[in-house]
Amino acid sequence: MFYYLIRKLLFLIEPEKAHTFILKVLNFKIIQIIMNFFLKSLPLKKNRYMNLIFNNKIGLAAGVDKNGEYIDSLSKLGFGFIEVGTVTPLPQYGNKKPRLFRINEKEGIINMMGFPNLGIDNLIKNLKKSKFTGIIGVNIGKNKNTPIENAVNDYLICIEKIYLYADYIAINISSPNTIDLKKLQYGSELKNLLKNIKKKQIEMHKKHYKYVPIAIKISPDLSKKEIIYISSQLIYYNIDAVIATNTTLDYSLLSTKQKTKKKGGLSGLPLQKKSTNVISILNKHLKNKVTIIGVGGINSLNSAQEKISSGADLIQIYSGLIYHGPKLIRKIIKGL
Ligand SMILES: Cc1cc2nc3c(=O)[nH]c(=O)nc-3n(C[C@H](O)[C@H](O)[C@H](O)COP(=O)(O)O)c2cc1C
C-alpha cells in the first residue's frame, strides 16, 4: 500500500529522473538505517548453481545499477544476487534522452537507453568498495563506436579487467538498442564469440586460480530453431549459464491503443509469456547442462513460480520492481 502511494508520486516524474532519484534516496545513510531497523531478515534458501552459492533464487536484472553505485543499498531489498551493468570498455553517454517510457496500463516499460555507463574501470572501483556478500554478476557489452566485426574484442577486454571482481560475467548480445549487437546470436558470429570467450575464461582461470562462470543473455525475439541452435552451441562450448530474456521488439504484445511511436525494448508484463516460452525451449534442449536464469515480466509470486516450473534455476526482476516495489521481492523469496 505504502509503495503504491510513493509510486503515484514517482510516476509524476519523467521515468529516467524517477529511476535515478529513487536509487539516490536508497543510498542515503538515514534510509539505510531505517531499512536495517524495519526490514526483518529473510529466510536463507541456499542454492548452488554455476558452482556458486546463492542465498535465494531472486536476482536484480541488469540495467538498474549500470555502474555498481547502489549495490549495498539494493542488496537490502533481499536479492540473492545482483547483476550490474551493462558496462562497456569505455564510458559512453548512450542514446539521446528521453529514452525511457512507461506503459502504465500494461505494467510495461520501453527503453532505448543504449548502454549509458561510466566504463569498466569505474565499475571496478565501485565493486572494490561494495560490502555485499551475495553474488555479483557483471553484465558486459560493446561500445557503440566499436564496429560489430570487432565486438568480440570489447567483450574480451571487459572479461580480462573484471575477472577478479565478478562472481559471474554476463555477455549481453541481445540488447535491441545497440545497432547490430543481436547479430552475435546467430551462426558463425555466435560460434566465434563463444569460442573466444571460453578461451579467455580458461586463460584467466589458469592465471588467477579462480573460475568465473560465464552467462550469455539472449533475446526473446528468436525463433524456436534459433533457440535450439544457441542451446547446442552453449553445450558445445561449455558455457555456464544462459539468461533468458532481454527486452522484446514485438509490439504486437501491446494492444493497438497502447502501441506507441516510441522505439526500443519492451519489458514488463507484456513480455512475461514470451520469455517463459524461450525458457521452456531452452530447458528442453539444454538437458540440465547449462544453468537457466529466467527474466521477463515477473510481477507476482505466481509468475515467478511459472518461470521456475518452465525450467529457470534462478530468476531476475526489473520492471516488476518499478510497478510493485520492494515488497514483491520479499513476497517471492518467502513464497518460493
Ligand atoms: C530501463 C531498462 C534498462 C535495461 N538495461 C539493460 C542493460 O543495460 N543490460 C541488459 O542486459 N539488460 C537490460 N535491461 C533488460 C532487463 O535486464 C531485463 O532483461 C528485461 O527488462 C526483462 O525483465 P523485466 O520484464 O523484469 O523488466 C534493461 C531493462 C530496462 C527496463
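The side chain of Q316 makes a polar contact of 2.8 Å with the side chain of E83, and that is a good place to start exploring this predicted model. From Q316 we can move on to the ligand, then to the chain as a whole, and finally to some unusual spots in the backbone.

**Around Q316**

- Q316 sits in strand 13, which covers residues 314-317.
- Besides E83, the side chain of Q316 has a polar contact with the side chain of Y168, at 3.4 Å.
- Is Q316 buried or exposed? Its relative accessibility is 1%, and residues under 20% count as buried, so Q316 is buried.
- Leaving out neighbours within four places in sequence, the contacts of Q316 include G59, L60, A61, F81, I243, I293 and V295.

**The ligand and its shell**

- The ligand is surrounded by 24 residues, and the closest are A62, T86, G268, G297 and S319.
- Sorted by class, this shell has 14 polar, 8 nonpolar and 2 charged residues.
- Which strands each supply at least two residues of the shell? They are strand 4 (81-87), strand 6 (108-111) and strand 11 (265-268).
- G268 brings a backbone N or O atom to 2.8 Å from an oxygen atom of the ligand.
- Two side chains also meet ligand oxygen: N139 has an N or O atom 3.0 Å from an oxygen atom of the ligand, and N172 has a polar atom 3.1 Å from one.
- Taken alone, the ligand would expose 600 Å², and the protein buries 98% of that area.

**The chain as a whole**

- The protein chain contains 12 helices and 13 strands.
- How does its radius of gyration fit with a compact globule? The chain has 19 Å, and a compact globule of 336 residues would have a value near 20 Å, so the two agree.
- Along the principal axes, the C-alpha atoms fill a box of roughly 50 × 45 × 40 Å.
- Of the 336 residues, 58% are buried.
- The chain exposes about 15600 Å², with carbon and sulfur atoms supplying 58% of that area.
- Looking at contacts between residues at least 6 apart in sequence, 72% join residues at least 24 apart.

**A stop at I279**

- I279 belongs to helix 9, which runs over residues 272-286.
- With a relative accessibility of 0%, I279 counts as buried.
- Setting aside residues up to four places away in sequence, I279 touches A244, I292, G294, V295, K307, S310, G311 and A312.
- I279 and N145 are 134 residues apart in sequence, and their C-alpha atoms are 32 Å apart in space.

**Backbone spots worth a look**

- The peptide bond joining K97 and P98 is cis, with omega about -5 degrees; P98 lies in the loop between strand 4 and strand 5 (100-103).
- Another cis peptide bond runs from A244 to T245, with omega near 15 degrees. T245 is in the loop between strand 10 (241-244) and strand 11.
- D180 is not a glycine, yet it has a positive phi of about 70 degrees. You can find D180 in the loop between strand 8 (168-172) and helix 7 (187-208), and it is partly exposed at 33% relative accessible area.
- Y209, also not a glycine, has a positive phi of about 55 degrees. Its place is in the loop between helix 7 and strand 9 (214-218), and at 76% relative accessibility Y209 counts as exposed.

Conventions: Residues numbered from 1 in each chain as written. Predicted model: local features only at pLDDT ≥ 70, side-chain atom pairs only at ≥ 80, totals over all residues. Heavy atoms only, no water. Near = heavy atom within 4 Å. Polar contact = N/O pair within 3.5 Å; in protein donor to acceptor, adjacent residues only side chain to side chain. Areas by Shrake-Rupley, 256 points an atom, 1.4 Å probe, with all protein chains shown as cover. Helix = DSSP H or I, 4+ residues; strand = E, 2+ residues; numbered from the N terminus. Nonpolar A, V, L, I, M, F, W, Y, C, P; charged D, E, K, R; others polar. Rg over C-alpha atoms; globule rule 2.2 N^0.38 Å. Buried < 20%, exposed > 50% of the residue type's maximum accessible area, 1.4 Å probe, protein only. Contact = heavy atoms within 4.5 Å.
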